[in-house]
Amino acid sequence: MDTSALDSSYDFLIEDETSLEMNTCSICKNPYKCPRVLNCLHVFCEKCILQLVNVNSMFSVLNIICPTCSQTTTTQLNRGTLVLPQDYVTRNILEVEMIKSRKLICKSCRDNKEATFKCITCCNFLCSSCESMHKMLVTPGQYHYMVSIEEMIQNALDKTALHKMVLCEKHNNEQMVYYCNTCNELACTKCLNVPTPRTCQHSYDSISNAYKKYGTELEFLVRESKNVMKNVSTLPATLEKALDNLQASHDHIKSNVEETFQSFKAVLDSCKNEVLVQLKSAQKQQELKIMDKFEEVKKITDNIGGVQQFATRLLENGSESEIMALKKLIFTQMLELFSKIPDVKVDAKLLYTPDVNGFENHCRKYFGQIITEQGMNAAIGPISPPTPRTNFLTDRVFPPPISTSLVESQMFDLNLARLCSLNVDDNPILSTMSPPDSLGDLLNTPTSLDSSFALNNLQALAKLDNMNINNNNNNMLQSLMSPLALNQSGLDPFAVGSVSSLSSPTTTLSPDIYGVATNSNWYSKERRAPPTRPKRHSNRSSMDIVAKFGIMGNGLGQFHSPHGFCLSPTEDIVVADTHNHRIQVFEKDGTYKTEFGKEGKEDGYLFYPRKVVFLNHNQIVVCDRGSDRSRVQIFEYPTGKFIKKIQVQFIEIVAGVAVTAHGHLALVDSVHPTVFVLNVNEDNGIMKWFNCAAYMDEPSDIIVRDEDYYVCDFKGHSIVVFNDEGVCLRRIGGEYITSFPNGIDISENGEILVGDSHGNRFHVAVFSHDGTHLTDMECPYIKVSRCCGLKITSEGHIVTLAKNNHHVLVLSATV
């Protein structure tokens with residue numbers, strides 16, 4: 001028998017060549033027998049499914065757990081038969097295989113003869129003898145259409161001949177000929193006549209008419225699922241990035257734990273030294289008491305010995321009258337001396353009463369705990385299900401699979417639709433909603449969601465393959481992605497005073513891992529992660545320790561968590577002793593010179609000073625926390641006489657301060673990454689500002705050379721360079737060259753020096769003016785924790801401040 005026609009018609013059942021495994025039950029490992037479909041769309045033999053559950057009766061309610069995906073399907077038995085849909089395609093594939101292999105057996109006779117006919121009406125295979133008998137025994141009024149196996153093969157493209165009828169399992173295998181529009185289920189003739197509430201007032205259509213109405217919905221769902229799969233396919237990369245971020249967070253916290261341990265250890269060392277000093281003092285006091293007793297005993301002993309010697313000499317040489325004459329005197333003196341014998345019961349013990357349990361409790365409380373922050377990255381979460389919507393082909397409303405927040409789900413569907421296309425009319429999901437008028441409205445829509453939610457989707461828009469953005473949309477997108485347009489933090493210094501903002505920068509540069517910035521039409525912080533993970537340099541030049549001074553304390557030359565320093569015009573080292581609320585001045589060898597400052601929030605006082613910089617030879621700027629946010633004050637140097645305060649109510653925490661070539665102050669905020677330029681001659685001196693949040697994560701230091709602003713990005717592991725108008729020019733460094741940078745300076749020759757203390761070693765990376773990485777230097781002789789700042793002296797030495805170690809380091813380096 002030629003089965004080539006049958007093989008060519010096999011494509012309408014499956015798209016690709018069906019393997020043996022696809023037609024095999026994963027439980028019994030045999031070809032499917034009565035394949036049933038679970039809610040998860042995994043297919044198993046009916047008998048195999050029944051083996052997975054305990055069947056108590058012929059009408060049991062069953063909770064079937066899929067062995068493949070563990071999803072639960074709730075169904076029931078109806079006279080021992082599972083009320084689950086059959087996998088009709090698999091059933092037809094197996095039947096075609098049986099036709100090709102001539103393994104069809106007559107279903108009517110007991111002789112197991114080979115079937116040569118098929119009844120299209122009742123879907124039974126019959127032999128030639130049973131075929132004529134079957135025609136005579138059919139129900140009156142019904143016509144059973146018979147077709148031979150040979151005709152089926154010759155006319156293989158006729159799906160009617162190959163497909164079995166879908167039968168009703170509730171009414172003795174009656175053929176399903178209707179579709180209930182209300183229940184979305186097939187129904188037979190008897191189902192329509194059952195007088196139950198389930199069928200009352202239900203509308204029905206023939207299957208062919210129903211398919212014309214609703215059949216294309218599945219096609220649309222498949223097309224939509226392909227679009228969703230494109231978005232889902234990006235999730236593994238997001239998760240990989242999450243793992244990288246987790247590892248980076250782990251390494252950073254591990255370093256912080258070590259730093260905290262060193263800080264606690266320094267506190268313990270200080271406590272130990274204090275207790276040892278107390279011990280020595282107590283010992284000396286007790287020694288003095290004991291020595292005083294020694295003197296008293298020695299004096300009494302000598303006096304008693306003298307009386308004893310005098311009395312002995314008198315007894316040996318004196319007459320009776322002489323002895324009696326001095327007897328009273330001797331007795332009186334001896335008894336007097338006996339009464340003065342000192343009490344030598346001295347408490348020579350010293351007590352030490354440590355509270356180990358109390359220390360352990362407080363230590364665990366203040367050492368810190370690891371907290372897993374939930375929901376920090378919305379991009380990692382699952383794709384939200386669609387909200388209730390009217391189907392675009394009919395007026396029927398489909399309920400959502402799960403309940404979600406209306407604002408959140410609408411927001412997500414809107415963003416997802418915009419990711420697929422910016423054309424509203426081409427997307428049925430978007431056309432059923434009430435979207436904002438523009439992408440700008442989308443960014444400014446007040447919702448409970450994070451403002452970066454829409455921003456993340458807009459950034460992902462540039463990565464989709466099927467984008468169709470016209471020039472106007474592209475220009476609008478670029479303007480919206482500018483740093484000023486994306487400032488959603490409420491930071492608006494121009495709401496008060498007569499100040500002017502800068503134009504939004506549109507020229508951006510993307511980073512290179514080895515420090516050289518390259519041009520790019522699109523910039524995103526997500527692109528900072530390097531493609532490979534190179535090892536840190538092993539051939540770093542060593543820096544020797546020239547001077548090291550400072551310990552934890554509040555005395556002269558002692559520090560408590562200093563956060564910043566600078567060099568005076570005469571190159572004295574001026575330290576912001578943060579927790580001691582003062583400014584201390586030292587020579588470069590560590591010799592203490594002077595200090596100024598008293599604790600207080602009033603003008604002229606200091607409250608946790610963080611950063612310092614010199615305006616000129618006799619004026620110094622101090623940034624502290626004297627107001628609700630940061631405060632900028634100017635003092636006379638070195639007397640510390642208060643001159644004035646500059647109002648800067650918009651800066652949360654000053655991460656760095658520098659002086660421009662025009663004598664203005666440049667401050668960078670670490671909470672809302674923004675650079676502010678202040679005019680020191682005005683009380684409300686904000687001249688201009690630019691938001692750099694689109695280019696960096698957490699600023700940690702700043703320096704200004706010529707008209708360029710060099711800003712350290714602590715969490716971005718790089719230096720970002722801006723011009724005077726706030727345009728990003730280039731990026732210097734990379735994650736494995738400048739890890740967690742916290743200090744920057746530029747030498748007289750133009751080399752850029754970037755310092756960090758990642759790994760408890762002070763490391764300096766040197767770059768040329770254009771960002772080319774030149775060399776690395778490291779001090780291997782001392783462990784440091786959280787260094788703040790970097791300055792270069794006229795001798796070429798490098799000065800830094802180890803905040804958690806409470807000391808200043810001066811290191812030798814050839815720059």
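Visitor: What makes Phe331, Leu335, Phe338 and Ile341 a nonpolar surface patch?
Guide: This is a predicted model, and in it these four residues make a nonpolar patch of about 430 Å² on the surface. A residue must have over 30% relative accessible area to join a patch, with nonpolar side chains joined within 5 Å. Leu335, one of the four, has its place in helix α10, residues 320-339.

Visitor: Why is Leu335 called exposed?
Guide: Its relative accessibility is 54%. The word exposed is kept for values over 50%, so Leu335 counts as exposed.

Visitor: What makes a group of residues a nonpolar core?
Guide: Such residues are buried and are joined through side-chain atoms within 4.5 Å. The largest core here has 19 residues, and Val621, Val632, Ile646, Leu665, Leu667, Phe676 and Leu678 touch the most other members. Several strands each supply at least two residues of this core, including β24 (611-616), β26 (631-636), β29 (665-669) and β31 (686-691). As a general background, nonpolar side chains tend to be buried together in soluble globular proteins.

Visitor: Which residues is Leu678 in contact with, leaving aside its neighbours within four places in sequence?
Guide: Among them are Val632, Ile646, Val648, His664, Leu665 and Leu667, along with Gly685, Ile686 and Met687. There is also a second, separate core of 18 residues, which includes Tyr32, Leu38, Leu62 and Leu82.

Visitor: How do you know that Cys66 is in no disulfide?
Guide: The nearest cysteine sulfur belongs to Cys40 and is 3.6 Å away. A disulfide needs two cysteine sulfur atoms within 2.5 Å, so that pair does not qualify. By this rule the count of disulfides is zero.

Visitor: What surrounds Cys66, and is Cys66 buried or exposed?
Guide: Setting aside neighbours within four places in sequence, Cys66 is in contact with Leu38, Cys40, His42, Phe44 and Gln71. Cys66 is found in the loop between β3 (61-65) and β4 (72-78). His42 is 24 residues away from Cys66 in sequence, with 7.6 Å from C-alpha to C-alpha. The relative accessible area of Cys66 is 1%, and under 20% means buried, so Cys66 is buried.

Visitor: Why does Cys728 have no bond to Cys692?
Guide: Their sulfurs are 9.4 Å apart, and Cys692 holds the closest cysteine sulfur to that of Cys728, so the distance is too far for a bond. Cys728 is buried too, because its relative accessible area is 2%.

Visitor: Why is the pair Glu571 and Lys588 called a salt bridge?
Guide: Their closest N and O atoms are 2.7 Å apart. The rule asks for a distance within 4 Å, so the pair counts as a salt bridge. Glu571 is in the loop between β20 (564-567) and β21 (573-577), and Lys588 is in the loop between β22 (582-586) and β23 (592-596), 17 residues apart. Glu571 counts as buried because its relative accessibility is 16%, whereas Lys588, at 25%, is partly exposed.

Visitor: What makes Asp603 and Lys645 a tie between parts of the chain?
Guide: They form a salt bridge, with the closest N and O atoms 3.6 Å apart. Asp603 lies in the loop between β23 and β24, and Lys645 in strand β27 (residues 642-646), so the pair ties together parts that are 42 residues apart in sequence. Asp603 and Lys645 also belong to one network with Asp624 and Arg631, joined by salt bridges that share partners.

Visitor: How do you know that Lys688 and Asp724 form a salt bridge?
Guide: Their closest N and O atoms are 2.5 Å apart, and the limit is 4 Å, so they qualify. Lys688 lies in strand β31 and Asp724 in the loop between β34 (718-722) and β35 (728-732). By this rule the count comes to 16 salt bridges.

Visitor: What makes the peptide bond from Tyr637 to Pro638 stand out?
Guide: That bond is cis, with omega near 5°. Most peptide bonds are trans. Pro638 is found in the loop between β26 and β27.

Visitor: What is notable about phi of Ser561?
Guide: Phi of Ser561 is near 50°, a positive value in a residue other than glycine. Most residues other than glycine have a negative phi. Ser561 lies in the loop between β19 (545-549) and β20, and counts as buried because its relative accessible area is 15%.

Note on methods
Residues are numbered from 1 along each chain as its sequence is written. This is a predicted model: local features need pLDDT of at least 70, side-chain atom pairs count only at pLDDT 80 or more; totals for chains, interfaces and linings use all residues. Side-chain values use heavy atoms; hydrogens and water are left out. Buried means under 20% relative accessible area, exposed over 50%, partly exposed in between (1.4 Å probe, protein chains only). Helices (H or I, at least four residues) and strands (E, at least two) are DSSP runs, numbered from the N terminus. Contact means heavy atoms within 4.5 Å. Patches are made of residues with over 30% relative accessible area and no salt bridge: like charges are joined within 9 Å, nonpolar side chains (Val, Leu, Ile, Met, Phe, Trp, Tyr) within 5 Å. Accessible areas come from the Shrake-Rupley method with a 1.4 Å probe; for residues, only the protein chains shown count as cover. A salt bridge is a side-chain nitrogen of Lys or Arg within 4 Å of a carboxyl oxygen of Asp or Glu.
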